[in-house]
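Grab a coffee and work through a few exercises on the structure shown below. Try each task yourself before you read its solution.

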Amino acid sequence: MSALAPTTAAGTPPMTAPTTPSRTRATSSQAAPKQPARTPLLQQPRVQRVIYPLLVGVVLIALWQGLVTAMELPPYLVPSPYLMMQTLVTDWVPLGMALLVTLKITVLSFVVATIAGVLISFLFVQSKLIETALFPYAVLLQVTPIVAVAPLIIIWVKNPTAAMVVCAALVALFPIISNTTLGLRSIEPDLQSYFKLNRATRWQQLVRLRIPSALPYFFGGLRISSGLALIGAVVAEFVAGTGGSGAGLAYQILQAGFQLNIPRMFAALLLISLTGVALFVLMAWLTKLALGSWHASELSQD
Amino acid sequence: MNDTESASYALPPQPRFTVPAVEVLSAEKTYPNGTQALLPVDLSIAEGEFVTLLGPSGCGKSTLLKMVAGMLEPTDGRLLVWRKPVAQIDESGRRMAFVFQSPTLMPWASVRTNVRLPLDLAGVPRKEAEERVAEALELVGLDKFASALPRALSGGMQMRVSIARGLVTQPDLLLMDEPFGALDEITRHKLDAELLDLWRKKKLTVIFVTHSIHEAVFLSSRVVMMAARPGRVVEQFRIDEPYPRSADFMVSPQFSRYAKTLQDSLLRASSAHDEVQA
C-alpha cells in the first residue's frame, strides 16, 4: 500500500483515501506499471454468473445433438435439439397460447398464496396459542401430495381455472407461512426491548420492527413458492386431464404424448423449464432490490 | 484522598431541597428457579451524578440497571425515579434513555432513521424530529453520516449512533450497560472522554455499568462496587477528582490510588465469599 512506501523528507505521508484501488506510487528505484482501473470482463462475478452456466448449457446441447445424430435415434424416441427448436417455431401458436394460460394460473396462484400466507403469518404471530393450535394443519398442507387432492378440488370447484388456481396455491402456500412466521419472530431481543422501553404500540412494533426483520425470510419463502406455484399449476392440469380447461402446457404435453408427437412434448417441457428459471430470476432480482443494501445474504462476497 | 465508605448501604449525603434522581429501595431479584441474581440493594443517586456500577460478571449490575429502566421487575422492593415508580416516569415529566452493550441498530434503516426512532415512536412531528436528530448527530460528531447504513460504519461509530439515539429524546437520566465493552481500547478512551463532555454539557444523570476499574475511576463521581455469587453491593466509593478530567488524570498517582482501593475492595469481596464457602 502506498501509505507504507518510503516517504520523502517531508515526513509522514498525508492519509488520503485511494481513489482507484490499483494506482501505485512510483518510487525512485523502479517505474510502477499502470494497472487497468477495472477488472477484466470475464472476472466480474456478474458476468461469470451468466456466461459459465451458458457455456455448460451449450456443451450439453452439443453433446445431445451429437449423440442423437451419431446413434441415429428416431425422433419419436429422442428428438435432437434442432428438431425440438424447429417444432417450437412451427407450433409456436398453440404452444404460445398454452404458455400464456399456464403462466396466468401460476401468477394468480402465487399472488393468492402470498397474500393468504402473509395474513396467516400475521395471525400466528399475534398469539402463540393460535400458532400452536393451527400450525400442524399448515404442515398438513405441505405433506399432502397435490396429485391426490387435486381431483377432489376439481370436482368441488366448478370453474376449471379457479380449481387450478386453488390447487397451485395450496402447493405454494406452506413455504410462505413457514418462512414469514419464522421471520416475524426473528427479531433481535435487545431491539425488541428497546421498542418496549419506548412504549411502542403493537402496530408500531409490527410495521417498524417485525416486518423489516422478516423481509429476508419472506423473500426466501417467495423464491421457493414461485417455483412451487408453477409446479402446482402444471400438476393440477395433468391430473385434470380432459376434465380440465384443456388449455395449458401440461395439456399440450398430454396431447403430444397421446399422438406420439415427442418433439412437441419436448418443446412444451422446454417452455415450462424456461418459465421456472424466469420466475426464479425475477424473485432473485426482487430480493436484491429489497435487501441488497443491508442484508448479509446479498452482501457477502462468497 | 478518597474517602471510602465501608458500610454496605450507606447513603451519600443528600444535597438539600432536591429530589433524588433514582432511589433503589431494597430491590432484589430472585429468579423462579431459585437463582439469586441480586440481593436487596439500597441506593440513592442525586441529579447530576455520574455513578458507575462496577463488578465482575454475575454480580447483578446489569440486572440492577434493567430494573431501574423498568425492563425487569424486582421480586421485592421498589425503584423510584424522581420519587415516582419507574413505570410512571412520564408523569414526572422526566425522560430516561438506555444504551445497550451492542449498538442495537436497525440494519435496514439509515443512521438518521435509527436516531429518529424514539421520536417516531413517541409521535413527535417529523420536522421537529429531524431537527433534533441533526442536533444529536452533531453532538456525537456523525452529522456527515446521516444517510449511511449501519453496516458502513465501524463499531465505534455505530456505538456513537446508539448514544445519539439515547440523547435525541433529551433525557434527564442516561442508563448505559457496558456500552464500550466491545470496542478497542483507543476508541474506548475516546468515547469515554466524549461521554464526559456530553454529561457535563447536557447536565445528565448517568448510571454506567462496567467491569473495568480504570473506566470506572476515570468517568465517575461515585463507584458502586458489586460482587457476584450472590449478586450484591459491597461498597461505595467517592472519586473526588474535579472535572473536566483529562488524559493526564489516567496516568496520575491519584488515579492509581483510586484504582488500588477499588482493586482491594474487589479482592476482599471475592475472598470473603471464599471464606464463607469454606
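## Exercise 1: Domains and make-up of chain A

The C-alpha centres of domain 1 of chain A and domain 2 of chain A sit 29 Å apart. Keep in mind that this is a predicted model.

**Task.** Which residues belong to each domain of chain A, and how many helices and strands does chain A have?

**Solution.**
- Start with the domain assignment: domain 1 of chain A covers 43-72, and domain 2 covers 80-290.
- Next, count elements: chain A has 11 helices and zero strands. Read from the N terminus, the order is α-α-α-α-α-α-α-α-α-α-α.
- Then check burial: of the 302 residues in chain A, 30% are buried.
- Finally, look at contacts in chain A with a separation of 6 or more: 72% of them join residues 24 or more positions apart.

## Exercise 2: Two helices in chain A

**Task.** At what angle do helix 9 and helix 10 of chain A pack, and which residues make the contact?

**Solution.**
- Two numbers do the job here, as packed helices are described by the angle between their axes and the distance between the axes.
- For helix 9 (residues 249-258) and helix 10 (residues 262-291) of chain A, the angle is about 160° and the axes are 8 Å apart.
- Angles over 145 degrees count as roughly antiparallel, so helix 9 of chain A is roughly antiparallel to helix 10 of chain A.
- The crossing of this pair, helix 9 and helix 10 of chain A, is left-handed.
- Helix 9 of chain A brings Leu249(A), Gln252(A), Ile253(A), Ala256(A) and Gly257(A) to the contact, while helix 10 of chain A brings Arg264(A), Met265(A), Ala268(A), Leu269(A), Leu271(A) and Ile272(A).
- Sorted by class, the residues in this contact of helix 9 with helix 10 of chain A are eight nonpolar, two polar and one charged.

## Exercise 3: Now a pair in chain B

**Task.** Is the crossing of helix 2 and helix 3 of chain B left-handed or right-handed, and how many charged residues are in their contact?

**Solution.**
- Geometry comes before residues: helix 2 (residues 111-122) and helix 3 (residues 126-139) of chain B pack at about 125°, with axes 9 Å apart.
- Helix 2 and helix 3 of chain B are therefore oblique to each other.
- Helix 2 of chain B passes helix 3 of chain B in a right-handed crossing.
- On the helix 2 side of chain B you'll find Arg112(B), Val115(B), Arg116(B), Leu119(B) and Asp120(B); they meet Ala129(B), Arg132(B), Val133(B), Ala136(B) and Leu137(B) of helix 3.
- The class tally for the contact of helix 2 with helix 3 of chain B is six nonpolar, no polar and four charged.

## Exercise 4: Where the chains meet

**Task.** Which helix of chain A gives the most residues to the side that touches chain B, and what does Pro212(A) contact?

**Solution.**
- The contact takes 12 residues from chain A and 14 from chain B.
- On the chain A side, the elements giving two or more residues are helix 7 (189-197) and helix 8 (202-240) of chain A.
- Helix 7 of chain A gives the most, with five residues.
- By class, the chain A side has six nonpolar, four polar and two charged residues.
- Now zoom in on Pro212(A), which is in helix 8 of chain A. Leaving aside neighbours within four places in sequence, Pro212(A) is in contact with Met106(B) and Trp108(B).
- Pro212(A) is partly exposed, with 17 other C-beta atoms within 10 Å.

## Exercise 5: Backbone oddities in chain B

**Task.** What is the peptide bond from Arg229(B) to Pro230(B), cis or trans, and is Thr104(B) buried or exposed?

**Solution.**
- Begin at the bond: from Arg229(B) to Pro230(B) it is cis, with omega near -5°.
- Pro230(B) lies in the loop between strand 10 (222-227) and strand 11 (232-238) of chain B.
- Arg229(B) isn't a glycine, yet has a positive phi of about 50°. Arg229(B) is partly exposed, with 14 other C-beta atoms within 10 Å.
- Another cis bond runs from Tyr243(B) to Pro244(B), with omega near -5°. Pro244(B) is in the loop between strand 11 and helix 7 (247-250) of chain B.
- Thr104(B), not a glycine either, has a positive phi of about 50°, and lies in the loop between strand 7 (96-99) and helix 2 of chain B.
- The burial cut-off is 20 or more other C-beta atoms within 10 Å; Thr104(B) has 21, so Thr104(B) is buried.

Key. Residues are numbered from 1 along each chain as its sequence is written. Chains are lettered from A and ligands numbered from 1 in the order in which they are written. This is a predicted model: local features need pLDDT of at least 70, side-chain atom pairs count only at pLDDT 80 or more; totals for chains, interfaces and linings use all residues. Two residues are in contact if their C-beta atoms, placed from the backbone, lie within 7 Å. Helices (H or I, at least four residues) and strands (E, at least two) are DSSP runs, numbered from the N terminus. Ala, Val, Leu, Ile, Met, Phe, Trp, Tyr, Cys and Pro count as nonpolar, Asp, Glu, Lys and Arg as charged, and the others, Gly among them, as polar. Domain bounds come from an automatic or database domain assignment. Axes are lines fitted to C-alpha atoms, for helices over the stretch in contact, and angles run from 0 to 180 degrees between N-to-C directions. Angles under 35 degrees count as roughly parallel, over 145 as roughly antiparallel, 65 to 115 as roughly perpendicular and the rest as oblique. A crossing is left-handed if the near helix is turned anticlockwise from the far one by less than a right angle, and right-handed if clockwise. A residue is buried if 20 or more other C-beta atoms lie within 10 Å of its own, exposed if 12 or fewer, and partly exposed in between; C-beta atoms are placed from the backbone.
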